[in-house]
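Open the structure in your viewer and keep the sequence panel beside it. The tour below goes from one selection to the next.

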Amino acid sequence: MAEDRAAAPEQPGSQWYDSEAGPLVRPYAMTGGRTEPGPAGVRFDLIALVALDTAAPATGADTAALGPEHRALVELCRAETQSVAELAADTDLPVGVVRVLLGDLLELGRVTVSRPVPPAHLPDERILREVIDGLRAL
């Protein structure tokens with residue numbers, strides 16, 4: 001019986017997903033085939049914080065040009081500042097797709113991105129403890 005299924009040719013109209021899957025859009029269609037974010041040199045770390053730019057207009061010509069995925073990211077950022085990883089999880093999109101879409105929004109001036117501070121630039125814990133101990137001694 002398993003041989004019959006393997007040897008059976010696929011029907012031209014058959015679907016490989018069920019009706020509960022909803023509309024299926026490939027990630028490369030959402031990004032226009034792009035794999036890198038828009039502006040050169042921009043890197044969206046998973047923990048980079050994305051916020052809606054308060055100076056950006058709420059409506060306009062660029063808003064109409066945004067796709068549904070772009071608008072979903074804007075709406076999530078409208079509620080609160082979120083990390084790239086949170087946005088990917090909340091939109092149920094691959095992180096690579098979210099990075100490309102955020103690059104578009106950054107180019108349009110719709111969002112701002114705060115990059116995490118590298119560990120080398122953080123103060124040494126030993127120094128902080130000495131400052132705390134010095135303050136307690138006062």
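Of the 138 residues of the protein, what percentage count as buried? The share is 26%. Keep in mind throughout that this is a predicted model.

**The whole chain**

Colour the protein by secondary structure. Seven helices and three strands should appear. Followed along the sequence, they come in the pattern α-α-β-α-α-β-α-α-β-α.

**Helices α4, α5 and α6**

Select residues 68–79, which form helix α4, and add residues 84–91, which form α5. These two helices pack with their axes 10 Å apart, at an angle of about 120°. That angle makes α4 oblique to α5, because it falls outside the range of 65 to 115 degrees that counts as roughly perpendicular. The crossing of α4 past α5 is right-handed.

Now add residues 95–107, which are α6. Here the axes of α5 and α6 come within 9 Å of each other and cross at roughly 110°. This pair therefore counts as roughly perpendicular. The crossing of α5 and α6 is right-handed.

**The loop at Asp-92**

Stay with α5 and α6 and select Asp-92, which lies in the loop between them. Its phi is near 60°, a positive value in a residue that is not glycine. Is Asp-92 buried or exposed? Asp-92 counts as exposed, because its relative accessibility is 70% and the cut-off for exposed is over 50%.

**A salt bridge in α4**

Go back to helix α4 and show the side chains of Glu-75 and Arg-78. They meet in a salt bridge, with an N to O distance of 3.3 Å. Side chains of opposite charge can pair when their charged atoms come close. Glu-75 and Arg-78 are three residues apart in α4, so about one helical turn separates them. Both ends of this bridge are partly exposed: Arg-78 has a relative accessible area of 42%, and Glu-75 has 45%.

How many salt bridges does the count come to in the protein? The count is four.

**Charged residues around the start of α7**

Select residues 125–137, which make up helix α7, and show the side chains of Glu-125 and Arg-129. These two form a salt bridge whose closest N and O atoms are 2.8 Å apart. Both residues lie in α7, four residues apart, about one turn of the helix. Arg-129 counts as exposed at 51% relative accessibility, whereas Glu-125 counts as partly exposed at 48%. The two fall in separate classes because the cut-off for exposed is over 50%.

Next, select Asp-124, Arg-126 and Glu-130. Salt bridges link these three residues in a network. One of the bridges joins Asp-124 to Arg-126, at 3.6 Å from N to O. Asp-124 counts as partly exposed, with 36% relative accessibility.

**A nonpolar patch**

For the last stop, hide the charged side chains and select Ile-127, Val-131, Leu-135 and Leu-138, then draw their surface. What kind of surface patch do Ile-127, Val-131, Leu-135 and Leu-138 make? The patch is nonpolar and covers about 450 Å². One of its members, Leu-135, lies in helix α7. With a relative accessibility of 57%, Leu-135 counts as exposed.

Key:
Residues numbered from 1 in each chain as written. Predicted model: local features only at pLDDT ≥ 70, side-chain atom pairs only at ≥ 80, totals over all residues. Heavy atoms only, no water. Patch = residues over 30% accessible without salt bridge, like charges linked within 9 Å, V, L, I, M, F, W, Y side chains within 5 Å. Areas by Shrake-Rupley, 256 points an atom, 1.4 Å probe, with all protein chains shown as cover. Buried < 20%, exposed > 50% of the residue type's maximum accessible area, 1.4 Å probe, protein only. Axes fitted to C-alpha atoms, helices over the stretch in contact; angles between N-to-C directions. Parallel < 35°, antiparallel > 145°, perpendicular 65-115°, else oblique. Left-handed = near helix turned anticlockwise from the far one by under 90°.
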